[in-house]
Amino acid sequence: MPMDESVRKAVLSAVPSLRAFAISLCGNVDRADDLVQETLLRALANIDSFQPGTNMSAWLFTILRNHFRSEYRKRRREVEDSDGHHAESLKSQPEQYGHVEFREFREALAQLPSDQREALILVGASGFSYEEAAGICGCAVGTIKSRVNRARTRLAELLNVNSAEDFGPDETTRAVLARGGE
Amino acid sequence: METAATRNKKPNAKPAKLGRDVQARLGQQLRAMYDDVVNQGVPDRFNELINRLEGDEKKDRQ
């Protein structure tokens, strides 16, 4: 199993994002870290099947997603964890004043059908293009687009938001508020 | 005769399109949640895992 420096770097640099994706899939930090570890072991054992010059991150996400689908999904996603271990692992959030709180947002996200949630995360948070997300999920680009749209609409329904004012202060406002509190 | 039941029986009614501002805020919340984890960096267990695998590999080659 040859591991040259570029592979090592590419794999390690993908870990933070792989963890964030894994947590969004299984809703539990410990299980997500196990999932990432198993993904890395599989990836490095099959490094020969990685095509140099292609996107290492997308390749790792594909392995993680497939492994999750085949193994972890059998165990039901524990939605009650949305205010448990996951919350503890996150740094404390600045207080928010709108009616959509961070915790509410996580809970709403956890209620989305899993195919919609993963599409939304891949495109909206991981920064993959629709084409890359389609490759990772093994479906058509149009399917990803429609899942992302349905996910957004459903989230807005669950959170009961009709306008941006229903949210807490935006990042800039929060930063100002945080400075004011020092 | 239209009743409340028949009126509500429109599951496929197309939902109102989300405003750009709402979409943008949903995206911000999503990224804030995701980046909270990303900003934790690489936990030690993964550095150790890669080091261990590299060690095994060196042993294999000897």
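Let's begin with chain B, whose secondary structure consists of three helices and zero strands. Reading from the N terminus, its elements follow the order α-α-α. Chain B has 62 residues, and 15% of them count as buried. Keep in mind as you look around that this is a predicted model.

How confident is the predictor in chain B? Its mean pLDDT is 76, with 65% of the residues reaching 70 or more. The confidence varies along the chain: helix H1 (residues 4-8) of chain B has the lowest mean, 49, while H2(B) has the highest, 91. Over residues 5-14 of chain B, pLDDT stays under 50, and the model has one contact beyond four places in sequence for this stretch. Where pLDDT is low, the predicted coordinates should not be read in detail.

Now turn to the place where the two chains meet. Here, 29 residues of chain B are in contact with 33 residues of chain A. On the chain B side, the elements that give two or more residues are helix H2 (20-38) and helix H3 (44-61) of chain B. Which of these gives the largest share of that side? The answer is H2(B), with 15 residues. Sorted by class, the side of chain B that touches chain A has 15 nonpolar, seven polar and seven charged residues. For the complex, the predictor gives an ipTM of 0.76 and a pTM of 0.76.

Next, let's walk into chain A, which averages a pLDDT of 81, with 72% of the residues scoring at least 70. Among the elements of chain A, the lowest mean pLDDT, 47, belongs to helix H4 (residues 85-89) of chain A, and the highest, 97, to helix H7 (residues 130-137) of chain A. The pLDDT is below 50 over residues 78-97 of chain A, although this stretch has 33 contacts in the model beyond near neighbours in sequence.

A good pair of helices to find in chain A is H1 (residues 5-26) and H3 (residues 56-70), whose axes come within 10 Å and cross at roughly 35°. The crossing of H1(A) and H3(A) is right-handed. From H1(A), the residues making the contact include A:Ala10, A:Ala14, A:Leu18 and A:Phe21, and from H3(A) they include A:Met56, A:Leu60, A:Phe61 and A:Phe68. What kinds of residues make up the contact of H1(A) with H3(A)? They divide into twelve nonpolar, two polar and no charged.

Further along chain A you reach helix H5 (residues 102-111), where A:Phe105, A:Arg106, A:Ala108, A:Leu109 and A:Ala110 are buried. What covers the buried residues of H5(A)? The cover includes helix H6 (114-124) and H8 of chain A, together with H2 of chain B. You have met H2(B) before, as the element with the largest share of the side of chain B that touches chain A.

Finally, zoom in on a single residue, A:Ala151, which lies in helix H8 (residues 141-159) of chain A. Why does A:Ala151 count as buried? A residue is buried if 20 or more other C-beta atoms lie within 10 Å of its own, and A:Ala151 is buried because it has 24 other C-beta atoms within 10 Å. Leaving aside neighbours within four places in sequence, A:Ala151 is in contact with A:Leu112, A:Gln116, A:Arg117, A:Ala119 and A:Leu120. For a sense of distance, look at A:Met3, 148 residues apart from A:Ala151 along the chain: the C-alpha atoms of the two are separated by 39 Å.

Methods. Residues numbered from 1 in each chain as written. Chains lettered and ligands numbered in written order. Predicted model: local features only at pLDDT ≥ 70, side-chain atom pairs only at ≥ 80, totals over all residues. Contact = placed C-beta atoms within 7 Å. Helix = DSSP H or I, 4+ residues; strand = E, 2+ residues; numbered from the N terminus. Nonpolar A, V, L, I, M, F, W, Y, C, P; charged D, E, K, R; others polar. Axes fitted to C-alpha atoms, helices over the stretch in contact; angles between N-to-C directions. Left-handed = near helix turned anticlockwise from the far one by under 90°. pLDDT = per-residue confidence, 0-100. Buried ≥ 20, exposed ≤ 12 C-beta atoms within 10 Å, placed from the backbone.
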